[in-house]
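Please look through the model below with two individual residues and one sheet in mind, taking them in turn.

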Amino acid sequence: MEAISSAASMASSARPFCGYNGVKFSVAPRHPRRMVVLNVQTDAKPPASTSTESSPATGSSKKRAAIPVEEEPPLKPLNVRSFARENSAELTRPLTAVVCNAVDDFINNFIDKPLRPSVDPRFVLAGNFGPVGETAPTECLNVQGTLPPCLDGVYIRNGPNPRYVPRAGHHLFDGDGMLHAVRIKDGRVTFCSRFVRTYKYIQEDMAGGPVMPNVFSGFYSFAGLARGALVAARVALGLFDPSNGGGLANTSLVHFDNKLMALGESDLPYVVRVTNEGDVETLGRYDFDGKLFMGMTAHPKIDPETGELFAFRYGPVPPFLNYFRVAPSGEKEPDVGILSMLQPSFIHDFAITKKYAIFPDTQIVMKPLDMLVGEGSPIGSDKGKVPRLGILPRYATNESGMKWVEVPGFNFFHSLNAWDEGDDIVLIAANSYPVEHILERTHLVHSTVEKVRINLSSGIVCRTPLSSKCLEFGVVNGRFLTKKNRYAYMSIGSPLPKISGLVKLDFEKEETGDAEECVVASRLYGERCFGSEPFFVPRSSDLNAEEDEGYVVAYTHDEGTGVSKFLVMDAQSPTLEIVASVELPVRVPYGFHGLFVSDKDFAPTRF
């Protein structure tokens, strides 16, 4: 379960698409029983990067010097587990693996039911949702405008990108993690895309095709039970070791304790490294020196003043929720098990203040027994459940201080910020509804940013919508996390999972009685042009600078021209004016979450 931050539903579409290096799929009332497995190309990493510039007059080309780089310091020891193997594609596959693959094909071709559009690869992976191959570091020559000096560093975004054509169903959340990085130095830009080399990725690389069933689309009905039995067989035959995890690392990233980590909540973090040349390398799976088990949220929170990291993990066995803190030095403290959560829920994000941690107990729940009735999925909605918010003291060592408050109809999967105001907690988050469409028909989902005020003494909850627009995938100035802030930058769903532009929200308009529409700036990307979640980059490190003094960056893709760009927008402009635009050398698919790491913080990350 990698993310709830986007969706794969393309149910309203009913036409074929061309993808996977030109392989065409035709629409049929039942899904194709035979599907050729093709791999997405992964490029070899070159020793150095140069770029070629063509002359329009002569057609000749000339080499342009690569971005000058400094010699990297020696790698310092890092306690991670790496699964990379050289020449893995040349390994002979054991007979047991061949038999398991044949059984997998039998399940897909003769047991599985026709695919719903929400998990049919022909629709889910249409257009710019389709996968791309890796791109070695390549200089971007077409830069319009001026890149601000504060952007010297790296912007890197995570997202799902299946390396192999799915043998059966595929939900957008199920794709392998791919990192798309823009390295900026003195106005020159290098772009690179690399898969996160997870244990699952390496095993499928050696097998030459999918090995693990997709969590969101592979466990429906009896076919799901059969796939579960096949996974058990692979484990028993020594073809897959679950202790190494099976996650995708496809959701987000965090920079903490001089480590840049790719995250997916069903597994441990994977430490990655950005080289001086702009290449992205996977160093290995990280368990905080043996103290982290099973998984970690893809949305940990770092207090900008204390440097502490707060996170949680959830699962299908009690305690269904475990909360923990990591000191700035990287020392993880023991889990706090939350036994008062009585059933497993899908908890994608949470929030923290200076005093508390706030957890959503949503109507998206784990229902593994539903597979037994023939049509169910292990993850789905429970419309009869009343959503709750759990409030736990931030430094709790047990759950005795946990307080639950019911908030009917409030299901948040991404929080923006939270802070303390006297005896109240104020939470800013996007509420998604109707809940039954969140996983299946996301184009029918509306997301409203709300200001939620919780009185801890009385338990009274007051909710105020901040805009009538469909807004999700937002960000605030990270300097204000856990403290009262004023602005947020939100993506416009049109409909979700596509993003047609950005808006800037001013929370103070709610305090002055103008809460119906707190939008104070906006920008649309243009006809047939869509983007991904923005990220705020402050103009300087001055702690006294204005909250919105900086830039908003994001990837966009023009579906008409096929061009992908990296945009830099003025966060204080009423039109979010574009101050710089970088044309990228390849298509960048729509994805999930990213972050920017400045040169100042970037240097120690080179282990």
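Which residues does N417 touch, not counting residues up to four places away in sequence? In this predicted model, N417 touches V426, L427 and I428, and it also touches F480, L481, T482, K483 and N485. The residue lies in strand 24, which covers residues 412-421, and its side chain reaches the backbone oxygen of K483 at 2.9 Å. With a relative accessible area of 2%, N417 counts as buried, because the cut-off for that word is under 20%.

A second residue to examine is V326, whose place is in strand 16, made up of residues 321-326. V326 has a relative accessible area of 0% and is therefore buried. Leaving aside residues up to four places away in sequence, V326 touches F256, F288, E308, L309, E331 and K332. One of these contacts, F288, is 38 residues apart from V326 along the chain, while the C-alpha atoms of the two are separated by 8.9 Å.

From single residues the reader can turn to a sheet. Four strands form an open sheet in the order 28-29-30-31, and their pairing is antiparallel. Its edge strands, each of which pairs on one side only, are strand 28 (471-475) and strand 31 (519-524). On average, and with direction ignored, neighbouring strands of this sheet are turned by 25 degrees against each other. Within the sheet, strand 29 (residues 487-493) and strand 30 (residues 499-506) run antiparallel and are joined by seven bridges, and Y487 stands opposite D506 in strand 30.

Definitions and conventions
Residues numbered from 1 in each chain as written. Predicted model: local features only at pLDDT ≥ 70, side-chain atom pairs only at ≥ 80, totals over all residues. Heavy atoms only, no water. Helix = DSSP H or I, 4+ residues; strand = E, 2+ residues; numbered from the N terminus. Buried < 20%, exposed > 50% of the residue type's maximum accessible area, 1.4 Å probe, protein only. Contact = heavy atoms within 4.5 Å. Pairing = 2+ DSSP bridges. Axes fitted to C-alpha atoms, helices over the stretch in contact; angles between N-to-C directions. Polar contact = N/O pair within 3.5 Å; in protein donor to acceptor, adjacent residues only side chain to side chain.
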